[in-house]
Amino acid sequence: MTEIPLGRRRPPRCPICGATPEPRFHPFCSARCADVDLNRWLTGVYAIPASESEDDDQENEGRE
Ligand SMILES: [Zn+2]
């Protein structure tokens, strides 16, 4: 049997640069790293093509 000691946990690391994370910017070490991660997210989101339907055309409330 193999038992893993509970006290051997790895300390958390900033997923961007691997530095010690700051509680303020958890789980990142700084606002900059948080920004980098956010940017990756946004880029991924914007990369998804969205099918837009124009419903601006149908707003004629009898104004003529
Ligand atoms: Zn970092």
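## Secondary structure and exposure

In this predicted model, the protein chain contains 1 helix and 0 strands. Buried residues account for 8% of the 64 residues in the chain. The chain exposes about 6,900 Å², and 49% of that area comes from carbon and sulfur atoms.

## Zinc site

The zinc ion has four cysteine sulfur atoms as its protein donors: the SG atoms of Cys 14, Cys 17, Cys 29 and Cys 33. These donors lie 2.3 Å from the zinc ion. Along the chain, their spacing reads C-x2-C-x11-C-x3-C.

The geometry of the site is tetrahedral, with angles of 100 to 117 degrees among the 4 donor atoms. For four tetrahedral donors at a metal, the ideal angle is 109.5 degrees. Among the zinc donors, Cys 29 and Cys 33 are buried.

## Helix α1 and the nonpolar patch

Helix α1 covers residues 31–47, and Leu 42 is located in this helix. Leu 42 has a relative accessibility of 35% and therefore counts as partly exposed, since that class lies between the cut-offs of 20% for buried and 50% for exposed residues.

Leu 42 also belongs to a nonpolar patch on the surface, together with Leu 38 and Trp 41. The accessible area of Leu 38, Trp 41 and Leu 42 together is about 330 Å².

Notes. Residues numbered from 1 in each chain as written. Predicted model: local features only at pLDDT ≥ 70, side-chain atom pairs only at ≥ 80, totals over all residues. Heavy atoms only, no water. Donors = N, O, S within 2.8 Å, 3.2 Å for Na, K, Ca; no water. Tetrahedral: all angles 85-135°; square planar, octahedral: opposite > 155°, others 65-115°. Buried < 20%, exposed > 50% of the residue type's maximum accessible area, 1.4 Å probe, protein only. Helix = DSSP H or I, 4+ residues; strand = E, 2+ residues; numbered from the N terminus. Areas by Shrake-Rupley, 256 points an atom, 1.4 Å probe, with all protein chains shown as cover. Patch = residues over 30% accessible without salt bridge, like charges linked within 9 Å, V, L, I, M, F, W, Y side chains within 5 Å. Salt bridge = Lys/Arg side-chain N within 4 Å of Asp/Glu carboxyl O.
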